[in-house]
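Biologist: Hello! Could you show me the model, and then walk me through how its parts fit together?

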Amino acid sequence: MPDTISFKLNDQPVHLNVDRDRTLLWVLRTDLGLTGTKFGCGEGFCGGCTVLVNQRAMRSCSLTVKDVQDKEVTTIEGLGKDGQLHPLQQAFMEHDALQCGFCTPGMILAAFGLLRANPQPSREQIIRGMEDNFCRCGAHTRIIDAIQTAAAAMKGGR
Amino acid sequence: MNPNLDPALDFQAGPESAVSALASRRDFLKRVGGGVIVFVTLGDWAFAQEAAQEAARPVSVRPGLPTDFNAFLRIGEDGRVTCFTGKIEMGQGPITSLPQMVAEELEVPLDSVDIIMGDTDLCPFDMGTWGSMTTRFFGPALRAAAAEAKAVLLELGSESLKVPVTQLTAQDGVIFDRQDNGRRITYGQLTKGQKIERHLTVKPSLKDVSQFKISGKPMLRRDAREKVTGKAQFAGDIRLPGMLYAKILRPPAHGAKLQSVDTAAARAVAGIQVVQEGDLVAVLHEQPDAAEKALEKIKAGFDVPPATVDDRTIFEHLLRVAPAPKVVTQGGDLAQGQAQAARSFETTYLNSYVAHAAIETHAALARIEGGKATVWVSTQNPFGAREEIARAIGFAIENVRVITPFVGGGFGGKTFNLQAVEAARLAKATGRPVQVMWSREEEFFHDTFRPAAVVKIRSGIDAAGKMAFWDYSVFCAGDRGAPHFYTIPHHRTAASGTFQGPPGLHPFGVGAWRAPGNNTNSFARESQIELMAAAAGIDPVEYRLQHLTDPRMIRVLKAAAERFGWTPAVSPSRRGYGVACGIDAGSYVATIAEAAVNTEQGTVQVKRVVCAQEMGVVINPAGAKIQMEGCITMGLGYALAEEVHFKGGAILDTNFDTYSLPRFSWVPKIESVLVEANDIPPQGGGEPAIVVMGAVVANAIADATGARLLQLPMTPDRIKAALKKV
């Protein structure tokens, strides 16, 4: 049944009149037009649909809109602030840490969640933390390098 | 893709622009307005080379040779340069490397070059983006267009400045008099009020590598900002007013026939439209998730043919029904070689079906308005898609426009365009724009897998360990990469079928998969070479060098060995070092890997991979290295884990729970070495480094353990089984 769901999306309040059991991924991509969040597998295996919920990386294909009621959701479109790229975005560019770019938004947001939990991760910890995000083009080594660069740039902050 | 394009030509922009108002390329050319436009007809050179490479492809993806022109670029009155290409960007990097080539030959800054890709109304015909051919064969055409454009501009500059052409220099989009630097004029000023069209049919002189200022220099990806901010649009990201999302009824197995269908329950869902048109049964809704739920309400009965093969019995089946092998190359006399052999080796190598598994599933959005269809498609083959769509909806080809946004990975899997045909048929049936985006299950089901294949090799060495004979037959993979490149006095290489068939051979669709055929062939060849080196008691690098005469291969092998820090030892040395060489798309590759094997669990960790590649002149060394890294990482998948499970026409893998892709923890330390060869024209870079990955890992496992793996992927069960035979 349609219901009003309220949450914060990329720092803006959102009130949606939708069935509360609808999948967050499709509501983001369709109703809200935020197509930076990608569909890759629909079952939480690939990480292409990763978003931040209260700053934690979560898979939007496995969440319903009621799961984010009253929470803060950040998609790739909302990661940079005041026209500035986030250090992770900057580092992904500098390291050429992408090819087709389809997994990239999910990678960056998964890395954000990782750095929030562990601001100065070792290479081994980055690998473990990113293990369940898939990249078919094989940009893995550069993604690891980019995350290390971003961690250094963020100096443990943000 | 083209943020700085002339607003009067707002063609690549979103759906609200005037995109479909352009009825044809001719109309577009009328709209181009002023400037210098250079058309290149590849005629009998570069294009013919692509055509020759394409001989193995079915006619449906070879829509015939173009009659007008194949490439062009325009220099506008604002000084911006736009190149138009039917090639597409799927991660492999032409969005950066092609503008590099243009900027180099035209003498303009790289950031003044825009590129329009894969739009069938705006771009010249192209056969498709595959085969590592963009740089090799399209590149020279584009460079030629740029060189010609520069010549035209110099003529205009000469008239305008009243200075002979020979006294002028073009640099950074400006022409100046070498004797008087103050006498100068910009390209933009020169093109103002002009409408100059040049048609180029002969090969102009291109810059020598030694003059390169932009080409040959490492460049970061030009599309990175769009891709890290989520602004980059893929086919499934395009939104149109009033659009519907479709989900389509799929059979449980290939070959299944629809017997009955009851759509009543789906029709009862608010907002759902059902289309039933022959074999196409679809539900459509303004929300994709609602369409997906409604699809579950359709009751359908299928007649499923009995399964006669599965992933275990497929190899016997293939050998039983494959056509007789045809000789690809031969020399000497096999009987004589056998007589000279002191030891012989007879080996059968097996390779499984592998999925493309791009993270972006097939997607398309179709709009039909005023008798014209516009279809945004994730495809490697926009012109092929246009033809498929036109045929399916009964439109003339000029009334179908295919636009290719960014493609989220292809690897050969986005050659055919069923999803675009489905979207177009449904748009026609409903009168509304329709998007089709496949689920992961549909993606596995409709994939054209890399074919399962068998290679049989009989070979022998003489008393001194030298290779005496080589009798090689490949079944069902095709002959790309089948010819060996070693000195073997008596040899024959034969191939049965191609990577695509013949039809009916495989229980489902198969097709090109990154370096089609070559992964299978290089796995078998390089495993067999290693096996003989071990039997001869000779270090595998040394053994190869003893049998090589091609200086390009010798160079890459030595470069890889040097970077790796190779020290000679006879396998199994217990160090876990493997080596393998290959040739693909005109490029030479030698790779050395270090692997650790857990003999209890049968698992392998590849710790380090050194890959030396010689690809002629390198346009973008950064891009080339990224492709090598991508090849190495992707290659670990088919080497160690990737394998399609099936029973008859039923595909048992529906998602990434049973079909594993390479993950972060798999990735070794990768060192890519580009071996300079500026005397050789640019060769392919998207595929070569992947072809050796099966062999190099197999050889590393053999070196670590003495166990020889004869089947890909080398799963823990297969490794444990091989260890038992040691």
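**Domains, sheets and contacts**

Modeller: Gladly! Chain B is divided into domain 1 (7–224), domain 2 (238–304 + 362–437) and domain 3 (322–354 + 449–724). Please keep in mind that this is a predicted model.

Biologist: Thanks! What distance separates the centres of domain 2 of chain B and domain 3 of chain B?

Modeller: Domain 2 of chain B is made of the segments 238–304 and 362–437, while domain 3 of chain B is made of 322–354 and 449–724. Taken over C-alpha atoms, their centres are separated by 39 Å.

Biologist: And how many charged residues does the side of domain 2 of chain B that touches domain 3 of chain B have?

Modeller: Eight residues of domain 2 of chain B are in contact with ten residues of domain 3 of chain B. By class, the domain 2 side has four nonpolar and four polar residues, and the number of charged ones is none.

Biologist: Let's turn to the sheets. Which strands are the edge strands of the seven-stranded open sheet of chain B?

Modeller: The order of this sheet in chain B is β11-β12-β9-β19-β16-β17-β18, with mixed pairing. From one strand to the next, the twist averages 25 degrees. Two strands pair on one side only, and these edge strands are β11 (273–277) and β18 (400–403) of chain B.

Biologist: Which residue of β12(B) is the bridge partner of Val275(B)?

Modeller: β11(B) pairs with β12 (residues 280–285) of chain B in the antiparallel sense, over five bridges. In β12(B), the bridge partner of Val275(B) is Ala282(B).

Biologist: What angle does the direction of helix α12 of chain B make with that of β16(B)?

Modeller: Helix α12 (residues 418–430) of chain B packs on the sheet, and the strands touched include β9, β11 and β12 of chain B. β16 (363–369), β17 (372–377) and β19 (434–437) of chain B are touched by α12(B) too. With the direction of β16(B), that of α12(B) makes about 35 degrees.

Biologist: Now for another helix, α8(B). Why do its buried residues line one face of the helix?

Modeller: α8(B) lies across β9 (244–248) and β12 of chain B, running at about 135 degrees to β12(B). Its buried residues are Pro288(B), Ala290(B), Ala291(B), Ala294(B) and Leu295(B). They line one face because, seen down the axis of α8(B), they fall within an arc of 160 degrees.

Biologist: Which element of chain A is included in what covers those buried residues of α8(B)?

Modeller: From chain B, the cover includes β9, α7 (264–267) and β12. From chain A, the cover includes α1 (24–31).

Biologist: That brings us to the two chains together. Which element gives the largest share of the side of chain B that touches chain A?

Modeller: 46 residues of chain B are in contact with 42 residues of chain A. On the chain B side, α6 (224–229), α8 (288–295) and α17 (621–640) each give two or more residues. By class, this side has 22 nonpolar, twelve polar and twelve charged residues. The largest share, seven residues, comes from α17(B).

Biologist: Within chain A, which element gives the largest share of the side of domain 1 that touches domain 2?

Modeller: Chain A has domain 1 (2–78) and domain 2 (87–154) in its domain assignment. The contact takes 14 residues from domain 1 of chain A and 13 residues from domain 2 of chain A. On the domain 1 side, β3 (50–53) and β4 (56–59) of chain A give two or more residues. The largest share, three residues, comes from β3(A).

Biologist: One residue caught my eye, Ser132(B): buried or exposed?

Modeller: Ser132(B) sits in the loop between β4 (113–117) and α4 (134–161) of chain B. Beyond its neighbours within four places in sequence, its contacts are Ala585(B), Gly684(B), Gly685(B), Gly686(B) and Glu687(B). A residue counts as buried with 20 or more other C-beta atoms within 10 Å. Ser132(B) has 24, so Ser132(B) is buried.

Biologist: Last one! In β29(B), which residue does Leu350(B) stand opposite?

Modeller: β29 (711–712) of chain B is at an edge of the six-stranded open sheet β14-β22-β21-β20-β15-β29. Strand β15 (residues 343–351) of chain B and β29(B) pair in the parallel sense over two bridges. In β29(B), Leu350(B) stands opposite Gln711(B).

Methods: Residues are numbered from 1 along each chain as its sequence is written. Chains are lettered from A and ligands numbered from 1 in the order in which they are written. This is a predicted model: local features need pLDDT of at least 70, side-chain atom pairs count only at pLDDT 80 or more; totals for chains, interfaces and linings use all residues. Domain bounds come from an automatic or database domain assignment. Two residues are in contact if their C-beta atoms, placed from the backbone, lie within 7 Å. Helices (H or I, at least four residues) and strands (E, at least two) are DSSP runs, numbered from the N terminus. Ala, Val, Leu, Ile, Met, Phe, Trp, Tyr, Cys and Pro count as nonpolar, Asp, Glu, Lys and Arg as charged, and the others, Gly among them, as polar. Two strands pair if DSSP finds at least two bridges between them. Axes are lines fitted to C-alpha atoms, for helices over the stretch in contact, and angles run from 0 to 180 degrees between N-to-C directions. A residue is buried if 20 or more other C-beta atoms lie within 10 Å of its own, exposed if 12 or fewer, and partly exposed in between; C-beta atoms are placed from the backbone. The arc is that of the directions from the helix axis to the C-beta atoms.
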